[in-house]
Amino acid sequence: TVAGFDSFRFVIKGCLAGAAVYVAYDQGLLGSGTQGAEALKKAQAALPPAVEEWTSYMGWEVRTVQMNSHSLPATPKFDFSPSDSWNKGVQTVMSALSVAPTRACEYTVEGWKYLKDLVK
């Protein structure tokens, strides 16, 4: 039963990962840089209303003038452009993935040399 539970957990995690990749693709995050920038602008526009809706759903008040023990500060305004950081991160990850097969071969050769030296 433990093996069955572990395989069930694996399937659930795989489904969640697949859904996350699908949503990222559907929103344009895996497309070109312009599609990613557009998706980021959509997210920036949707975040403050979503936070306000969530706080009203939870029964918390958002007040900017008067603060009491049950209120939250106003949502912050972003003054920087995260799209530059996002694109740099995507480029770094893609660069690392593109050299991964070559590095794996290099490390395998080094490992075999090390094992041969141990056997001698």
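This passage describes the secondary structure, burial, helix geometry and side-chain pairing of a predicted model.

The chain contains three helices and two strands, and these elements follow the pattern α-α-β-β-α when read along the sequence. Of the 120 residues in the chain, 8% are buried, while the accessible surface comes to about 10300 Å², with 66% of that area belonging to carbon and sulfur atoms. Among the contacts in the chain with a separation of 6 or more, 24% are accounted for by residues 24 or more positions apart.

Helix H2 spans residues 33-58 and has 26 residues. From the first C-alpha of H2 to the last, the helix reaches 36 Å, a value close to the 38 Å expected at 1.5 Å a residue. A bend of about 30° is nevertheless found in H2 at Leu 47, and a proline, Pro 48, follows within four residues. Pro 48 also belongs to the buried residues of H2, which are Gly 36, Ala 39, Pro 48 and Thr 55.

Application of the salt-bridge criterion to the model gives a count of one, and the pair concerned is formed by the side chains of Arg 103 and Glu 106, with an N to O distance of 3.9 Å. In general, side chains of opposite charge can pair when their charged atoms come close. Arg 103 and Glu 106 are separated by about one helical turn because they stand three residues apart in helix H3. An α-helix has 3.6 residues a turn, so residues three or four places apart point the same way. With regard to solvent accessibility, Arg 103 counts as partly exposed because its relative accessibility is 43%, and Glu 106, at 39% relative accessibility, likewise counts as partly exposed.

A nonpolar patch of about 620 Å² is present on the surface, and it is made by Trp 112, Tyr 114, Leu 115, Leu 118 and Val 119. Val 119, one of the residues of this patch, lies in helix H3, which comprises residues 82-119. The relative accessibility of Val 119 is 73%, and the residue therefore counts as exposed, the threshold for that class being over 50% relative accessible area.

Key: Residues are numbered from 1 along each chain as its sequence is written. This is a predicted model: local features need pLDDT of at least 70, side-chain atom pairs count only at pLDDT 80 or more; totals for chains, interfaces and linings use all residues. Side-chain values use heavy atoms; hydrogens and water are left out. Patches are made of residues with over 30% relative accessible area and no salt bridge: like charges are joined within 9 Å, nonpolar side chains (Val, Leu, Ile, Met, Phe, Trp, Tyr) within 5 Å. Accessible areas come from the Shrake-Rupley method with a 1.4 Å probe; for residues, only the protein chains shown count as cover. A salt bridge is a side-chain nitrogen of Lys or Arg within 4 Å of a carboxyl oxygen of Asp or Glu. Buried means under 20% relative accessible area, exposed over 50%, partly exposed in between (1.4 Å probe, protein chains only). Contact means heavy atoms within 4.5 Å. The expected span of a helix is 1.5 Å times one less than its number of residues. The bend at a residue is the angle between axes fitted to the seven residues ending there and the seven starting there.
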